[in-house]
Each structure stands twice: as structure tokens, then as C-alpha cells.
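Biologist: I'm new to reading protein models, and I'd like a close look at a single part of this one. Could you pick a helix, walk me through it slowly, and then show me what else is worth a look?

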Amino acid sequence: MDRQEANEPMPQDHSISRRSLLRGIGAGSLAVGAGGFLSACSSGIKGAGSGSSTGTINIGFITPLTGQLAGFASGDEFVLSQIRASSVYKNGITIGSKKYKINIIVQDSQSSPTRAGQVAQQLILQSHADLILTTSTPETTNPVAGACEKLHTPCLSTVVPWESWYAGLGGNPISPTTTFQYATMFFFGLKEFQGCFAPMWNRVHTNKVVACQYPNDSDGNAFRGGFEPLIKASGYKVVDGGGYTDGATSFTSMISLFKSKQCEVFSNCPLPPDFNTFWTEASQQGFKPKIATVAKVLLFPADTKALGPLVKNIATDSWWGPYMPNTSSLTGETASALAAGYQSQTGNQWVQSIGST
């Protein structure tokens, strides 16, 4: 879509190819201050308000600080404080022969896809962001990446299964041939969920019938289309409860189906409040699978506390923790030191999103 077709002003034209963008983020992209992704962006930026003319690289950061997805962002303020205290942030970075200051502008998506897209446009059109970082579920990342593609602004997303992100931008995960010029992401996908969950199922004696509770949204549709075949490939039978609308208040018919099919394994990927509603109702109606493996929910300590004793026999995935062998290319800090610093500064148990953010 060119400017005339879009019929709206473009604050800048980032003349940067996807190939150079990906080459720039390469190894070390997890620490954007280290220069990889920023170097790739700044090398092709031109126009008023961009880093090349002001000497400052503006990074927009969009995350669900409030709302039903706020658990994902519970460590973001700590991470931002660490980045802003780093020598790279204080002293800036040198690209070619020019030195650039770094400015991070934070926006709360409020766990709303509509607002996520709106604040992305504001960051680009009003705050002249050179780069957008966004995190935590397709409800946040997809509308942001879509806005960045439309307004020609580099965007990096994380903490979203790649299939959910890719399909949300119009690609087909089954045949991933569509490319995007300005949007990219780093995170794992459904194959990795299979590698995490199926081995746990195999350690529990069950009838190998899996109850699948997937909503009618980006994550749910990705799991229905891509994870259910992996469940079958692992030697299990799928019982799909049917797509439901986010925010549903009753799951009686779905629970009845799972009970009638004698499901002893459970799989899901709903919004956290929806799972709490479902799981409480399931317990009341006598649906108690031997093992439940959940995605998107119960990832953080506060989520488990909300369910109390009902959290028994539930497992989830972990993509980062203090046991990881990596060190930060921004500060040189180990994973264990980062987690310890978070606990010391906040008084809370570490959360895995601090590693990816």
C-alpha cells in the first residue's frame, strides 16, 4: 500500500529491506541497546523526526501494563529500570561515525487490541518512533505489528506463538510463504509446545483422550489448526470443545462434552480470567482431568494464587528462568543475577517475562 492508497500522512519512510532488518537483529537482538536491531533500523531511516536527523533513536514499547493480560507485563517496569540504568542507554550508541541517544516511550495497551493498534499509530505519527517493540500475546502484538507494516516502521514482537502472530498478520502457518517488510518476531511455536506438554502427558497413566478448550481468537485458532494435529501425532485423541467468545461466563456445555468423552488430559490457551471461570466451573461439575497443560495462563505466581487449591495437577510452559545459561549482551548480567535482582528490588518472585522483555 503506497501513501496515496493509504490516504494518510507518513511521518517518515524507513527504506529498509526485510533482509537487512533480519541481518541487523541477528545474534544479540535480545538486547536492543547493544545496537544490532537499532543499527539496522537507523541505517535506512530518513525523513523529519527520525533518528538520522535528530540524533535520538525513539523506541516505542507497547505492553499490557493493565487489564486481563497484565500478568505478562508484571516485570516490565523492572526491566525498563535496568535498561535505563545501563551505560548503553545513558551514553548512547555509535552507528557509523554518528552517536545516537536512545529514548524509550512506553504505552499501555490496557489488554485491548483496539488500543494496542491506536497507541502504535500515535507512537509513529506523533512521537516519531523509529522502532516499535511489543510483547505479550496476539491481543497486543498483532495490531501493533499490523500498524507498523502499514506505516512503514520496524517492529519487533515477542511472547506470542509465532503461528498466532503470523496468521494474525495474514500469513498461513501451514504454508508460511508470506513475508512482511517491517514486522518480525522472536518466540517459539506450537511444535515447542508439543515438545513440552506431550512428554508430561506420557508420564501420567491416562486413556490418552485430550479435552481441548480453545477460544475463537488468534491463539485459539492457531492451536486448533496447528496443535491438534500435533496432539494426534503424539498418539492422543482430540476432543475439541468448540470455539467460544473471549469473556464467556459459562462453559457448562463444553464441560459436559469433556465428561461424556471421558477426557483425562486437558489442553487450553484462553485469556487468564476465562480459564479461572472455566476451571472453577469444571471443578463444581466434576470434571477433573488427571493432568492439565495450559498455555497463556498460570504463567505467573499471581495467577496460581487466584485459583488456590484448584491449581493442583496443572502444568504450564517455561521459556525463561534463572536456570538459563545465557547472559545479557546489554549488561553482561546472568539469568540468575537478573532474577535475583528482580526479587530483591520488587520483593516478588521472579517472572519469566523479564527474560524475554
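Modeller: Here is a walk along one helix, followed by a few other spots in the chain.

Keep in mind that this is a predicted model. To get your bearings, the chain has 357 residues, of which 51% count as buried. Its secondary structure comes to 16 helices and 11 strands. Take the contacts with a separation of 6 or more: residues 24 or more positions apart account for 70% of them.

Now for helix H7, which runs over residues 113-125. Let's start with its length. It has 13 residues, and at 1.5 Å a residue they should span 18 Å. The C-alpha atoms at its ends are 19 Å apart, which agrees with that.

Next, which residues of H7 are buried? They are Ala 116, Gly 117, Val 119, Ala 120, Leu 123 and Ile 124. Look down the axis of H7 and you'll find these buried residues within an arc of 165°, so they line one face of the helix. Here's the background to that pattern: an α-helix has 3.6 residues a turn, so residues three or four places apart point the same way.

And what covers the buried residues of H7? The cover includes three strands, S1 (56-63), S3 (98-108) and S4 (131-135), along with helix H8 (138-150).

That's the helix, so let's move on to the empty spaces. A search of the whole structure turns up 2 cavities of 30 Å³ or more. The largest cavity has a volume of about 130 Å³. It is lined by 17 residues, and the closest to its centre are Phe 72, Pro 161, Phe 187, Phe 193 and Lys 296. Sorted by class, that lining has 13 nonpolar, 1 polar and 3 charged residues.

Stay with Lys 296 for a moment. You'll find it in the loop between S10 and helix H14 (301-307). Is Lys 296 buried or exposed? Its relative accessibility is 7%, and that is why it counts as buried. Its backbone deserves a glance too: Lys 296 has a positive phi of about 80°, although it is not a glycine. For context, most residues other than glycine have a negative phi.

Asn 313 also has a positive phi without being a glycine, at about 65°. This residue lies in the loop between H14 and strand S11 (314-316). With 44% relative accessibility, Asn 313 counts as partly exposed.

Asn 313 takes us to a pocket as well, since it is one of the residues lining the second largest pocket. About 190 Å³ of space lies in there. Other residues in the lining include Trp 279, Phe 287, Pro 289, Ile 291 and Leu 310. Helix H13 (272-284) and strand S10 (291-294) each supply at least two residues of the lining. By class, the lining of this pocket has 7 nonpolar, 2 polar and 3 charged residues.

One last stop is Ser 87, which sits in helix H6 (residues 87-91). Ser 87 is partly exposed, with a relative accessible area of 46%. Try finding Thr 331 on your screen too: Ser 87 and Thr 331 are 244 residues apart in sequence, yet 8.1 Å apart in space, C-alpha to C-alpha.

Technical notes. Residues numbered from 1 in each chain as written. Predicted model: local features only at pLDDT ≥ 70, side-chain atom pairs only at ≥ 80, totals over all residues. Heavy atoms only, no water. Helix = DSSP H or I, 4+ residues; strand = E, 2+ residues; numbered from the N terminus. Expected span 1.5 Å × (residues − 1). Buried < 20%, exposed > 50% of the residue type's maximum accessible area, 1.4 Å probe, protein only. Arc of directions from axis to C-beta. Contact = heavy atoms within 4.5 Å. 1 Å grid on protein atoms, 1.4 Å probe; cavity = no way out; pocket = protein on both sides within 12 Å on 5 of 7 lines; lining within 4 Å. Points joined across faces, edges and corners; volume = space filled by probe spheres on them. Nonpolar A, V, L, I, M, F, W, Y, C, P; charged D, E, K, R; others polar.
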